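Student: I have a structure to look at and would like to know how its descriptions are justified. Please show it to me.

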Amino acid sequence: MRLRSIELNLSGAAQAADFLTGTWGLAPAETGADGTRYLRGSGPFPYLVALTEADGPSIRCTTFVSDEAVVAGIAARARDAGWPVQDTVSADPGGGAGILVQLPEGEVFRFLYGAGEVAPITGRDLPVKLTHVVMNSTDAEWTATTAERVLGFRVSDRTKGMVFVRCNTSHHSVAFARAGHSSLNHVAFEMQDLDAVMRGIGRLRDSGMAPAWGPGRHGPGDNAFAYFVAPFGAVVEFSTAVEIVSDDYHVGAPDDWTWPKNRIDQWGISDKDVAALAAAERNFRYRPLTV
Ligand SMILES: [Fe+2]
């Protein structure tokens with residue numbers, strides 16, 4: 001199972017695409033018949049972000065790719081659990097078929113099989129792929145343990161703020177934040193290495209944008225990070241080198257992940273604009289799946 005893409009609705013899709021293909025560093029992929037803009041990274045996925053013009057910000061879905069048997073298993077367990085499930089054939093680049101599933105707090109995840117890939121882009125400093133998507137939750141603990149049972153995901157770590165969940169050997173592809181409300185927290189893009197993260201920060205500084213948090217290195221997942229509030233309202237992250245874990249990874253508890261006073265990452269060199277991040281983390285809400 002791999003996290004592939006996030007599909008967003010928003011007003012000002014063209015300007016958002018300009019930012020993400022300009023300063024942020026993605027490449028334009030194609031434009032759909034409905035005007036949806038698809039943006040890709042350097043890796044083999046046909047796109048990482050879809051931007052569809054709408055009245056306001058919402059998440060159409062978050063897309064994972066796997067094989068038919070895995071998707072069928074999720075469909076059966078989700079239907080048993082009473083979750084809304086809709087069979088789907090993807091009209092997005094790469095195609096594929098599968099299901100749309102609505103999690104209990106409203107998050108819509110799409111699981112595709114048979115989705116096509118494209119030739120990687122070499123020699124350019126693009127984000128490679130999405131590395132994780134974090135969802136704000138009213139009950140992150142329950143959502144995460146439910147995702148284990150129904151989706152076959154595994155909890156990797158718990159902190160005071162989040163429950164980190166994996167769907168392969170990467171420490172987390174999803175996290176559920178203990179936010180007290182339901183919305184998109186942030187989207188993280190995998191960079192080739194730490195230098196690529198730092199060059200990305202430099203590109204944003206050149207355009208007048210400072211990190212809202214970072215650069216730093218997280219505890220859970222051990223990944224380096226830099227967070228920004230994008231002009232289109234979402235929180236986006238450059239990240240790299242998330243920890244690869246095995247089946248017997250020890251699931252950490254909040255008490256395993258504490259920091260000394262005034263420290264919120266391994267390096268301790270940056271401030272966090274808590275207010276700006278908290279405001280932006282409320283912008284993209286879930287869009288209910290109608291089955
Ligand atoms: Fe992150």
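Tutor: An open sheet of eight strands runs in the order 10-11-12-9-13-16-15-14, with mixed pairing. Strands here are DSSP runs (E, at least two residues) and helices likewise (H or I, at least four), numbered from the N terminus. This is a predicted model, where local features need pLDDT of at least 70, side-chain atom pairs count only at pLDDT 80 or more, and totals for chains, interfaces and linings use all residues. Residues are numbered from 1 along each chain as its sequence is written.

Student: What makes strand 10 and strand 14 edges?

Tutor: Each has a single partner strand, so one side of strand 10 (154-158) and of strand 14 (213-217) is left without a neighbour in the sheet.

Student: How do you know that strand 10 and strand 11 pair?

Tutor: Pairing requires that DSSP finds at least two bridges between two strands. Strand 10 and strand 11 (residues 162-166) have four bridges, in the antiparallel sense, so they pair under that definition. Arg 154 stands opposite Arg 166 in strand 11.

Student: Why are Ala 16, Ala 17 and Leu 20 called buried?

Tutor: A residue is buried if 20 or more other C-beta atoms, placed from the backbone, lie within 10 Å of its own (exposed if 12 or fewer, partly exposed in between). Ala 16, Ala 17 and Leu 20 of helix 1 (residues 13-21) are classed as buried.

Student: What puts them on the same side of helix 1?

Tutor: They cover an arc of only 100 degrees around the axis, which puts them on the same side of helix 1. The arc is taken from the directions from the helix axis to the C-beta atoms.
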